[in-house]
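Got the model open in your viewer? Let's walk through it one selection at a time.

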There are 2 protein chains.
Amino acid sequence: MTSFTVIGHTASTDASFSLNDLPGGGGRMDLLCRAIASSLFLSHGIREDTICDIMLLGPPHPGKIIRFDGSALRSMSPDERNIASYIKKALAIPTGKTFREAGPGLLIRKGVLADQLTEKNYAVLDESGTDIRNIASEDMPDAFLLSDNRNFSEEEMSCIRDLPKYSLGPAIVHADHAIVLILNEIDRRRSGWN
Amino acid sequence: MTSFTVIGHTASTDASFSLNDLPGGGGRMDLLCRAIASSLFLSHGIREDTICDIMLLGPPHPGKIIRFDGSALRSMSPDERNIASYIKKALAIPTGKTFREAGPGLLIRKGVLADQLTEKNYAVLDESGTDIRNIASEDMPDAFLLSDNRNFSEEEMSCIRDLPKYSLGPAIVHADHAIVLILNEIDRRRSGWN
């Protein structure tokens with residue numbers, strides 16, 4: 001099981017955002033949709049052993065976490081608009097401190113980063129981190145924290161200070177592309193390609 | 001310079017497709033938009049040394065090639081809807097056998113696969129191909145041909161029969177994710193990471 005948590009610093013926390021304006025009115029919701037697609041889609045199927053949590057920190061109710069669980073999701077297609085419609089569906093239900101199901105494999109709760117990080121062995125990406133290709137397979141983390149187009153805030157930095165840091169290559173890439181690279185590295189190790 | 005050509009077997013060749021229905025009315029245009037984004041976007045900037053050509057084979061005028069040239073593109077953002085608006089802009093101008101500019105870094109021409117493949121040293125992706133990590137840097141191709149969600153047609157297969165074949169890992173991934181993996185491998189070699 002591999003988990004990704006992607007922070008959307010400006011992502012809308014109300015279901016009323018427009019599917020026609022994911023970057024603007026959605027608060028860079030387009031980027032989160034692509035991160036979900038990267039986490040879950042194979043050419044012909046869904047990664048059933050992968051979870052993608054998006055942490056929405058935009059107005060009006062910052063601090064909602066939506067979980068896309070590949071083991072249970074049904075009928076989702078990989079285009080941004082379709083994935084965003086799942087996000088709207090989750091945002092439309094009442095939210096408490098524990099996950100509540102908005103549909104198969106689609107869950108939502110209130111939450112903050114500090115809580116989220118206690119649930120799994122998280123790593124973060126950092127240009128100066130260890131090259132992911134050089135990590136021993138037994139040390140590969142089971143969860144990765146990524147940020148949207150913004151850097152981690154000071155408060156977030158204090159939460160992640162002690163997490164292991166890995167780099168993916170010389171170019172700094174978007175969160176959705178980083179997820180593709182991480183999953184490829186994990187796929188290779190599981191199948192004995194490395 | 002690295003080039004990608006992505007075949008869109010059902011992609012609309014008329015500018016009238018709806019930005020609200022890229023998968024359906026656009027003929028899986030969403031997938032081509034994501035492939036363009038993977039080819040060209042870094043976290044903070046554009047890959048100026050990369051070109052992405054999409055070959056549109058859907059109705060009503062199959063056989064149009066739209067080029068996104070990272071060295072000249074201006075103001076594009078990575079969401080599907082924005083990239084699709086560039087595709088519409090290119091499809092709206094008259095098209096001949098040579099590239100015509102529809103905007104900075106945005107060109108269009110009529111064309112077929114056989115012609116396209118003569119222009120560069122192409123490789124294709126194949127599950128049974130050589131692992132891209134094992135290619136000598138001097139043998140790295142300068143162009144890659146990819147398909148959308150459909151397999152190459154019989155006619156296309158006859159064009160690509162003799163091209164070098166590379167694989168990216170044990171999982172078969174979408175074209176846009178494949179492009180991310182290829183560029184990471186190229187980035188690493190150029191920067192001495194391998």
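Start by selecting R109(A) and F99(A): the arginine lies over the face of the phenylalanine ring, 5.0 Å from the ring centre. Now hop over to chain B and pick K88(B) together with F17(B). Here a lysine sits over the ring face, with 4.8 Å to the ring centre. Keep in mind along the way that you are looking at a predicted model.

**Next stop: the sheet in chain A**

Colour chain A by strand. You should find an open sheet of 8 strands with mixed pairing, in the order β6-β7-β5-β4-β1-β9-β8-β10. Go to the two edges: β6 (100-103) and β10 (165-167) of chain A each have a single partner strand, so one side of each has no neighbour in the sheet. Turn the view to look across the strands, and you can follow a twist that averages 35 degrees from one strand to the next.

What holds strands like these side by side? Strands of a sheet pair through backbone hydrogen bonds, either parallel or antiparallel.

For an antiparallel case, select residues 50-56 and 64-69 of chain A. These are strands β4 and β5, joined by 6 bridges. Within that pairing, show D53(A) and look straight across to β5(A): R67(A) stands opposite.

Now add residues 29-40 of chain A, which form helix α1. This helix packs on the sheet and touches β1, β4 and β5 of chain A. Its direction makes about 165 degrees with that of β4(A).

**Two loops with backbone quirks**

Which residues of chain A does a cis peptide bond join? Zoom in on P59(A) and P60(A): the bond from one to the other is cis, with omega near 0 degrees. P60(A) lies in the loop between β4 and β5 of chain A. Then jump to chain B, where a cis peptide bond joins P59(B) and P60(B), with omega about 5 degrees. P60(B) is in the loop between β4 (50-56) and β5 (64-69) of chain B.

The other loop to visit is the one between β1 and α1 of chain A, where you will find R28(A). Check its backbone: phi is positive, about 60 degrees, although R28(A) is not a glycine. Is this arginine buried or exposed? With 18% relative accessibility, R28(A) counts as buried, because the cut-off for buried is under 20%. In chain B, R28(B) lies in the loop between β1 and α1 (29-40), and its phi is also a positive value, near 60 degrees. R28(B) counts as buried too, at 18% relative accessibility.

**Into the aromatic pairs**

How many aromatic pairs does the structure hold over all chains? There are 2. Select F4(A) and F144(A) and look at the two rings: their centres are 5.9 Å apart and their planes at 25 degrees, so the pair is stacked. F4(A) belongs to strand β1 (residues 2-8) and F144(A) to strand β9 (residues 143-147) of chain A, so the pair ties together parts that are 140 residues apart in sequence. Switch on the surface: F4(A) is buried at 0% relative accessibility, and F144(A) is buried at 0% as well.

The other pair is F4(B) with F144(B), stacked because the centres are 5.9 Å apart and the planes at 25 degrees. This pair links β1 and β9 of chain B, again with the two positions 140 residues apart. F4(B) and F144(B) are both buried, each at 0%.

**Stay on β9 of chain B**

Show the whole strand: 5 of the 5 residues of β9(B) are buried. A143(B), L145(B) and S147(B) point one way, while F144(B) and L146(B) point the other way. Bring in β1(B), which pairs with β9(B) in the parallel sense over 5 bridges; in that pairing, V6(B) has L146(B) as its bridge partner. Now add β8 (residues 122-131) of chain B, which is parallel to β9(B) over 3 bridges. Y122(B) stands opposite A143(B) there.

**Last stop: zoom out to both chains**

A rotation of 180 degrees, with 0.0 Å of shift along its axis, superposes chain B on chain A at an RMSD of 0.0 Å. That is the relation of a two-fold axis. To find the axis, select L181(B), whose C-alpha is the nearest to it in chain B, at 3.2 Å. Finally, colour the interface: 100% of the interface residues of chain B are also interface residues in chain A, so the copies meet through the same surface.

Terms used. Residues numbered from 1 in each chain as written. Chains lettered and ligands numbered in written order. Predicted model: local features only at pLDDT ≥ 70, side-chain atom pairs only at ≥ 80, totals over all residues. Heavy atoms only, no water. Phe/Tyr/Trp six-rings, centres within 6.5 Å; stacked < 30°, edge-to-face > 60°. Helix = DSSP H or I, 4+ residues; strand = E, 2+ residues; numbered from the N terminus. Buried < 20%, exposed > 50% of the residue type's maximum accessible area, 1.4 Å probe, protein only. Lys NZ or Arg CZ within 6 Å of the ring centre and 35° of its normal. Least-squares fit on C-alpha atoms with pLDDT ≥ 70 in both. Contact = heavy atoms within 4.5 Å. Pairing = 2+ DSSP bridges. Axes fitted to C-alpha atoms, helices over the stretch in contact; angles between N-to-C directions.
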